[in-house]
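Hello,

Here is the structure we talked about. My notes on it follow below.

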Amino acid sequence: MHRISLFLLTAILLAACGLPTATVPSPVASPPTAATPTNTRPPTPTRDPRLPTLPPRITPGPTATPFPLATGWWNSAVCYEIFVRSFYDSDGDGNGDLNGIIAKLDYLNDGDPTTTTDLGINCIWLMPVAEAASYHGYDTIDYYTVERDYGTNDDFKRLVAEADKRGIKIIIDLVLNHTSTQHPWFQAALRDPTSPYRDWYLWSAIDPGYRGPFGNNVVWHKSPFRDEYYYGVFWSGMPDLNYRNPEVTAEAYNIARFWVEEMGVAGFRLDAIKHLIEYYTLQEDTAETFEWLRNFRRFLERELPGTFTVGEVFNGNPRTLAPYYPDQLDYYFEFEVAKQIVGAANTGLSKLFMRAVQDAYTQLPYQRWAPFLTNHDQNRVMSILGDDIAKAKLAALALLTIPGLPFIYYGEEIGMVGVKPDERIRTPMQWTKEEFGSFTSGFPWQLPQPDYPVKNVMLQDEDPDSLLNAYRQLIHLHINTPALAHGDLIPLQANGDDVAAYIRRSGDDLVLVIINFDVTSTEPFTLTVSGSDLPTGTYRLRPLYGTPPTTPAPLTISDGAIIDYQPFSEIPAQTGYILKLER
């Protein structure tokens with residue numbers, strides 16, 4: 001009764017004030033009607049003004065038509081990844097250096113195409129060479145100066161010149177996503193909020209509170225000078241650059257120009273590209289990143305034509321790489337193919353390997369992808385394979401006969417082992433059985449792996465059946481055989497999960513690759529393809545790699561079809577062949 005009286009009193013007071021009594025709520029709740037929403041959305045909370053202002057989103061442009069790259073050195077290349085600090089020390093300070101690489105260039109490629117005693121690579125990817133705060137080089141302090149442990153800018157120019165004499169192109173890691181906290185740009189921005197470099201980084205007056213994409217990692221870091229935070233997706237020592245600021249983009253262009261025009265590099269491996277531009281909690285693969293990469297490509301085409309680019313999108317596969325094609329970088333690393341090559345060598349099963357290769361070949365345009373086995377961020381492939389040389393040879397055979405531009409991690413060719421932490425997968429190259437593997441005359445920055453006395457270049461050089469000599473043969477074949485370097489892929493159906501078989505074709509150059517990944521010999525098997533553009537004819541098969549148990553039977557192709565072809569009755573355990581098709 002008191003509640004009803006209160007409402008009546010309210011109505012009387014409103015009427016006395018000249019207000020309509022219809023605005024007074026009923027003392028008894030009415031049931032909802034069709035015109036009365038029952039689940040109204042709560043008001044959007046006001047964004048804390050101390051948080052960074054949300055930037056406007058861009059409207060993606062129209063999708064470009066996939067296109068092949070212009071013909072260039074990359075069409076028949078094999079690239080060799082080098083961590084300079086661990087390759088060869090020329091001055092005895094315990095750190096590998098640029099002059100050390102020069103001293104070992106003939107090991108990589110002696111410049112004589114008639115010899116096969118060199119490794120045969122024609123492209124070197126150098127991990128970061130600019131002055132940096134840490135041993136690995138991914139936290140840059142000065143983009144325009146070579147790391148002092150590695151030498152000087154003149155040493156680098158001499159390396160490029162000596163490599164060029166041997167037909168080797170040099171590409172370098174270009175680390176644009178972030179700098180070191182020790183970089184003068186960041187130091188100025190950190191200490192002075194009015195610095196012209198302040199907007200080169202990302203700041204917040206309070207901790208925005210969200211985590212990063214790497215398993216809930218911290219991405220906002222407390223400033224040591226004032227009550228504020230800066231953004232660094234990887235860790236506090238590597239603050240991200242702000243590529244929404246045109247001045248930062250202009251500086252990135254200047255850096256690229258310097259290394260191409262002044263230092264002579266042929267191109268760049270771009271690190272961590274999926275993190276270039278963030279949108280609040282969206283910290284990878286943004287539309288803004290894609291547009292930045294498109295503009296970077298346009299800059300290179302306009303100002304530095306012929307500059308090669310390969311991007312790292314960690315764990316890249318056809319699905320995750322699709323947004324990066326076709327008008328951004330030239331190539332991208334294909335992690336799923338890498339995983340399945342190693343998996344096939346380890347398990348003996350070929351099905352997932354063949355599927356991964358076919359997916360990359362059919363879904364990524366014009367073979368613009370780079371297969372590998374493992375790299376500087378992963379446990380070494382030989383450790384994953386249990387230090388099994390037979391498995392390592394199969395992995396090398398697969399890597400160097402599938403489509404794409406293959407990359408080899410230094411020491412992989414002699415079966416170097418290594419498991420994390422990172423320093424132990426980047427250990428010194430094992431050249432001889434002498435102290436520290438003859439990497440240095442001093443004390444090495446990191447001890448070599450314990451097996452260096454029995455696993456090194458010197459010993460394997462003398463053994464015709466060594467892993468090193470298998471790599472030499474396969475690399476030379478890849479580079480000098482058009483079908484393997486850039487030919488089409490025609491998968492063949494084998495009646496068995498342990499056999500992988502495919503034909504590579506470039507015009508009239510055809511090769512057949514057959515691999516038995518299993519630890520047992522195959523049962524009698526046949527190979528079939530129901531339709532293809534293979535030219536009709538009967539071919540004899542000449543071995544290019546491996547010695548088949550018997551002379552391969554002639555192969556007949558009719559209207560692009562191969563029906564139940566049996567080259568020989570079986571393949572021994574963990575064995576593979578490259579066979580040239582000749583009329």
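The aromatic pairs come to 46. Bear in mind that this is a predicted model. Tyr197 and Trp200 make one edge-to-face pair, with 4.9 Å centre to centre and 75° between the planes. Tyr197 is partly exposed, because its relative accessibility is 29%. Trp200 is at 7%, so this residue counts as buried.

Phe568 and Tyr577 are also an edge-to-face pair. Their centres lie 5.4 Å apart, and the planes make 75°. Phe568 has 3% relative accessibility and therefore counts as buried. Tyr577 is buried too, with a relative accessible area of 1%.

There is also an aromatic cluster. Its members are Trp125, Phe314, Phe333, Phe335, Phe372 and Phe407.

Two arginines sit over tyrosine faces. Arg47 lies over Tyr280, at 4.7 Å from the ring centre. Arg57 lies over Tyr279, at 4.2 Å from the ring centre.

Next, the sheet. Seven strands form an open sheet with parallel pairing, in the order β11-β10-β9-β5-β2-β1-β12. Which strands stand at the edges? They are β11 (331–332) and β12 (407–409). Each has a single partner strand, so one side of each is left without a neighbour in the sheet. Helix α5 (residues 153–165) packs on this sheet. The helix touches β2 and β5 (169–174), and its direction makes about 140° with that of β5.

Within the sheet, β1 (residues 79–82) pairs with β2 (residues 123–126) in the parallel sense, over 4 bridges. Glu81 has Trp125 in β2 as its bridge partner. Trp125 also belongs to the aromatic cluster.

Further along the chain, β18 (residues 537–545) has two antiparallel pairings to look at. With β19 (residues 555–557), β18 shares 3 bridges. Gly537 is bridged to Ile557 there. With β21 (residues 575–582), β18 shares 5 bridges. Arg540 stands opposite Glu582 in that strand.

Last, helix α13 (residues 389–399). How many of its 11 residues are buried? The count is 8, so the helix is largely enclosed by the rest of the structure. The buried residues are Lys391, Ala392, Leu394, Ala395, Ala396, Leu397, Ala398 and Leu399. Asp388 caps the N-terminal end of α13. One of its side-chain oxygens lies 2.9 Å from the backbone nitrogen of Ala390.

Best wishes

Conventions. Residues are numbered from 1 along each chain as its sequence is written. This is a predicted model: local features need pLDDT of at least 70, side-chain atom pairs count only at pLDDT 80 or more; totals for chains, interfaces and linings use all residues. Side-chain values use heavy atoms; hydrogens and water are left out. Two strands pair if DSSP finds at least two bridges between them. Buried means under 20% relative accessible area, exposed over 50%, partly exposed in between (1.4 Å probe, protein chains only). A polar contact is a pair of N or O atoms within 3.5 Å; within protein, one must be able to donate a hydrogen and the other to accept it, and residues adjacent in sequence count only if both atoms are side-chain atoms. Contact means heavy atoms within 4.5 Å. Axes are lines fitted to C-alpha atoms, for helices over the stretch in contact, and angles run from 0 to 180 degrees between N-to-C directions. Rings of Phe, Tyr and Trp (its six-membered ring) pair if their centres lie within 6.5 Å; planes under 30 degrees apart count as stacked, over 60 as edge-to-face and the rest as tilted. A charge sits over a ring if NZ of Lys or CZ of Arg is within 6 Å of the ring centre and within 35 degrees of the ring normal.
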